[in-house]
Amino acid sequence: MNASKFFLKAANSLVTAIVALFLILAAAYSGYALWDNAQVYGAVDDIQSQLLKLKPDPEQKDGGASFEELRKINPDVCGWITLDHTKIDYPILQGEDNLTYINTDVYGDFALSGSIFLDSGCDRNFQGKYSLLYGHHMAEHKMFGDLDLYRKKKFFNKNTTGTLILSDRSYKLEIFACMQVSASEDSIFATGKWQADTSGLVDFVRKNAEHVHQQTMDNIGKSEDFSQILAMSTCSSEFTDARTVLLAVMKPYSPET
């Protein structure tokens, strides 16, 4: 065998070995990624199942004493959000800024899933006319992943209710719009704009929403029961910095309503 053939054979063997090593590493990484994702989603389930045992009762002003227990876990807990016929059923936290709970769970530990949290510019007692919640978009119905359900017209039309439970009172949520906006859209994310008057927000939603419940939206601002708005935001893959936003009226809770 001459030298050129020897080196060609050696080079081919080296390439084959490199390709085989690459495939092994790719398979190992894929396996690790699947395991890592399972760990992340499993952690969300574990935390939610623990906290659901402390879910407050909206029919009791002190939440059935659950808020005291939740605030022993973390004093930043300021509410509990539930959207009917979804898996959205979580405590709400508020940090010093909007990065505090983006990758931190209710126990104060690092978590890619983060927490559901109230915009740091909003009143933590939900006394303002406009409040905004954030949560990660996750598959398997985790965190705010189920906000996507409302983009389907049929689901949006049939599912209009939820509950916001606070330490001293509760609200029935009456969903009135679903939309997609950019993360830089001031009409949604500059929360201070609408604390005195939400009419400009309602006008923006009316012009830009994918789906609306017209009757509910027409009543906003006409009575005390229709004076406060809660928005819920999560990431979307539709375009760069896209956000899915669901909006609801906060109606003071009473068991018969």
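**Figure 1. The whole model and how confident the predictor is.** The mean pLDDT of this protein is 86, with 80% of its residues at 70 or more. One stretch falls well outside that picture: residues 25-39 have a pLDDT below 50, and beyond near neighbours in sequence they make 0 contacts in the model. Where pLDDT is low, the predicted coordinates should not be read in detail. Keep in mind throughout that this is a predicted model.

**Figure 2. Helices, strands and the way the chain folds back on itself.** Count along the chain and you get 6 helices and 9 strands. Of the 257 residues, 44% count as buried. Take the contacts with a separation of 6 or more: 62% of them come from residues 24 or more positions apart. As for the outside, the protein exposes about 13,300 Å², and carbon and sulfur atoms supply 55% of that area.

**Figure 3. A close-up of rings meeting edge-to-face.** The structure holds 3 aromatic pairs. In the pair shown here, Y150 and F155, the ring centres are 5.0 Å apart and the planes sit at 80°, so this one is edge-to-face. Are these two residues buried or exposed? Y150 is buried, with a relative accessibility of 0%. F155 has a relative accessible area of 18%, so F155 is buried as well, given that the cut-off is under 20%.

**Figure 4. A cluster of rings.** This view picks out F117, Y134 and F189. Ring pairs link these residues into a cluster.

**Figure 5. The salt bridge between D89 and K55.** Searching the whole structure turns up 7 salt bridges, and one of them joins D89 to K55, with the closest N and O atoms 3.0 Å apart. Where do the two partners sit along the chain? D89 belongs to strand 2 (residues 89-93), while K55 is in the loop between helix 1 (3-52) and helix 2 (66-73). That puts them 34 residues apart, and the pair links distant parts of the chain. D89 is buried, at a relative accessible area of 16%, whereas K55 is partly exposed, at 30%.

**Figure 6. R151 and E238, a bridge between loops.** Here R151 forms a salt bridge with E238, and the closest N and O atoms are 3.4 Å apart. R151 sits in the loop between strand 4 (130-134) and helix 3 (153-158). E238 sits in the loop between strand 8 (229-235) and strand 9 (242-252), and the two residues are 87 residues apart. R151 counts as partly exposed at 23% relative accessibility, and E238 also counts as partly exposed, at 48%. Which residues make up the salt-bridge network here? R151, E210 and E238 are linked in it.

**Figure 7. K251 and E174, a bridge between strands.** In this close-up the side chains of K251 and E174 meet in a salt bridge, at 3.1 Å from N to O. K251 lies in strand 9 and E174 in strand 6 (residues 170-182), so the pair ties together parts that are 77 residues apart in sequence. K251 has a relative accessible area of 22% and is partly exposed.

Note on methods
Residues numbered from 1 in each chain as written. Heavy atoms only, no water. pLDDT = per-residue confidence, 0-100. Contact = heavy atoms within 4.5 Å. Phe/Tyr/Trp six-rings, centres within 6.5 Å; stacked < 30°, edge-to-face > 60°. Buried < 20%, exposed > 50% of the residue type's maximum accessible area, 1.4 Å probe, protein only. Salt bridge = Lys/Arg side-chain N within 4 Å of Asp/Glu carboxyl O. Helix = DSSP H or I, 4+ residues; strand = E, 2+ residues; numbered from the N terminus. Areas by Shrake-Rupley, 256 points an atom, 1.4 Å probe, with all protein chains shown as cover.
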